[in-house]
Amino acid sequence: ADSVYLHQIFNMSVKIKALLKTAPEGQQVTVQGWVRTFRANRFIALNDGSTLGNLQCVVEFEDFDEALLKDVSTGAALKITGRYVESQGKGQAAEIQVEDLLIHGTADPESYPIQPKKHSFEFLREKAHLRVRTATFSAVMRVRAALSFGVHKFFREEGFHYVNTPIITGSDAEGAGEMFRVSALDAKNPPLDENGNVDVTQDFFGKETHLTVSGQLEAETYAMGLGEVYTFGPTFRAENSNTTRHLAEFWMIEPEMAFFDLNDNMDLAEKFIKSVLTYALENCQEDLTFLDQRYAQEESSKPKLERSEMGLLEKIQFIVDNDFKRVSYTEAIDILRNSKPNKKKKFKYIIEEWGADLQSEHERYLVEKHFKTPVILFDYPAKIKAFYMRMNDDGKTVRAMDILFPGIGEMVGGSQREERLDVLQERIKAMGIEEEELWWYLDLRKFGSAPHSGFGLGFERLVLFATGMGNIRDVIPFPRTPQNASF
């Protein structure tokens with residue numbers, strides 16, 4: 001109400017979200033937004049992106065030029081001034097009786113693609129520059145924005161320092177080998193060395209460089225001086241995968257903490273996730289309620305056996321309210337090996353022996369069927385994990401941990417990092433990685449080495465979980481996938 005009052009004094013437009021929280025008392029207000037619908041040449045549903053709800057603006061036809069009203073159609077951008085009053089009709093508590101109407105920009109009804117009807121998500125991906133004007137995508141992106149703020153809020157309150165790690169890198173943190181090359185050489189006529197290979201010493205950086213898959217290694221260097229740090233930035237993976245869970249460009253949240261062991265790491269990760277989801281629940285009630293209803297409709301159309309047992313809001317509350325069950329990889333393998341789906345060969349990937357790399361179906365079974373609570377798996381086989389994870393005394397497992405969610409499987413992956421120089425050198429050698437490439441990383445173990453830990457969370461996976469969307473391409477503004485770099 002105070003916001004609306006101040007806008008009136010200074011003759012400024014007010015956000016629809018603020019106005020809808022204000023009692024209608026006939027006050028004159030100005031709003032600006034885009035037309036969602038224009039019914040009977042009289043009722044404009046206006047939306048400015050600040051809220052899910054539209055504001056009804058009532059036009060008296062005889063008060064305006066007919067040619068002007070012809071340009072008021074779905075998608076047009078308007079500035080409206082009028083009296084904010086109690087609504088005479090059903091469906092809304094208040095409305096604006098329009099006194100002045102300015103059209104900032106028209107939208108030809110014949111060519112404007114976002115019409116007031118149901119569009120498929122596949123169609124809307126082709127119109128990614130306009131899809132945020134739909135109710136679903138505006139809700140998703142407001143939730144995404146809130147989650148992002150919640151991330152920074154949590155780490156700030158915990159005393160962490162935000163570090164911007166390089167996007168262009170000469171190292172491969174994951175050992176994945178699926179990285180995008182960065183080069184300024186002439187693609188048609190690159191310089192060659194004496195062996196006929198591309199001479200990367202003549203490239204911009206004088207060596208082969210890539211887009212990063214992770215900011216972790218660089219973040220570790222700053223944790224060794226600042227104590228607790230986190231990165232939150234874009235990462236890239238050149239994996240030729242067209243699934244509903246993969247993107248070529250995505251955002252990663254990666255905290256690194258000095259003097260943290262694996263238990264400290266698990267404590268922080270659980271606290272972090274609960275905090276961020278709680279922030280969304282408290283600040284996105286309208287959008288999450290709408291997305292919960294959409295999710296229920298989507299689930300009802302699925303075969304009964306494929307439906308989720310929980311609604312969207314239930315799933316989020318499930319994470320916030322439950323203590324995460326901590327289970328060793330070895331215990332999990334025993335549970336899975338003896339489970340009915342495994343014995344009856346219902347799993348796509350049958351668990352036969354210790355050392356198997358768990359798939360999403362196994363992770364979801366542990367969370368949704370066996371423990372019925374979020375799960376943290378720890379102490380994984382060294383052979384299926386990265387070189388930087390601390391080796392346990394058994395010589396077989398490393399101090400790794402994954403956090404598993406219902407409906408999605410792995411949400412967080414992390415570990416206590418290997419702080420012992422000799423052990424790390426052995427792991428690097430066993431992985432076939434050149435020590436010279438990681439000389440600076442090894443320096444951390446030579447000069448004041450200390451126990452430290454960290455984890456990574458793919459931000460889009462968190463948004464996917466929190467919004468109930470079925471495809472990760474629909475929770476990032478402009479998805480980058482194989483054969484698709486539009487917009």
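Trainee: Let's start near the tail: is Q483 buried or exposed?
Mentor: This is a predicted model, with local features needing pLDDT of at least 70 and side-chain atom pairs pLDDT 80 or more, while totals for chains, interfaces and linings use all residues. Residues are numbered from 1 along each chain as its sequence is written, and side-chain values use heavy atoms, leaving out hydrogens and water. Buried means under 20% relative accessible area, exposed over 50%, and partly exposed in between (1.4 Å probe, protein chains only). At a relative accessible area of 87%, Q483 is exposed.

Trainee: And what is the phi of Q483 near?
Mentor: Q483 sits in the segment after α15. Its phi is positive even though Q483 isn't a glycine, with a value near 65°.

Trainee: What relative accessible area does F487 have?
Mentor: F487 is also found in the segment after α15, and its phi is positive, about 65°, although F487 is no glycine. F487 counts as partly exposed, with a relative accessible area of 46%.

Trainee: Zooming out, how many helices and strands does the chain have?
Mentor: Both are DSSP runs numbered from the N terminus: helices are H or I, at least four residues, and strands are E, at least two. Counted that way, the chain comes to 15 helices and 16 strands.

Trainee: What percentage of the chain's residues count as buried?
Mentor: The C-alpha trace spans about 85 × 60 × 45 Å along its principal axes. Of the 487 residues in the chain, the share that counts as buried is 49%.

Trainee: How far apart are the end C-alpha atoms of α8?
Mentor: The expected span of a helix is 1.5 Å times one less than its number of residues. For the 16 residues of α8 (residues 285-300) that gives 22 Å, and the end C-alpha atoms agree, being apart by 22 Å.

Trainee: What arc do the buried residues of α8 cover?
Mentor: An α-helix has 3.6 residues a turn, so residues three or four places apart point the same way. In α8, the buried residues are D287, L288, L291, R294, Y295 and E299. They lie on the same side of α8, because around the axis (judged by directions from the axis to the C-beta atoms) they cover an arc of only 135°.

Trainee: Which residues are exposed on the other side of α8, and which elements help cover its buried ones?
Mentor: Q285 and Q297 are the exposed ones on the other side. For the buried residues of α8, the cover, judged by contact (heavy atoms within 4.5 Å), includes α4, α5, α7, α9 and α15.
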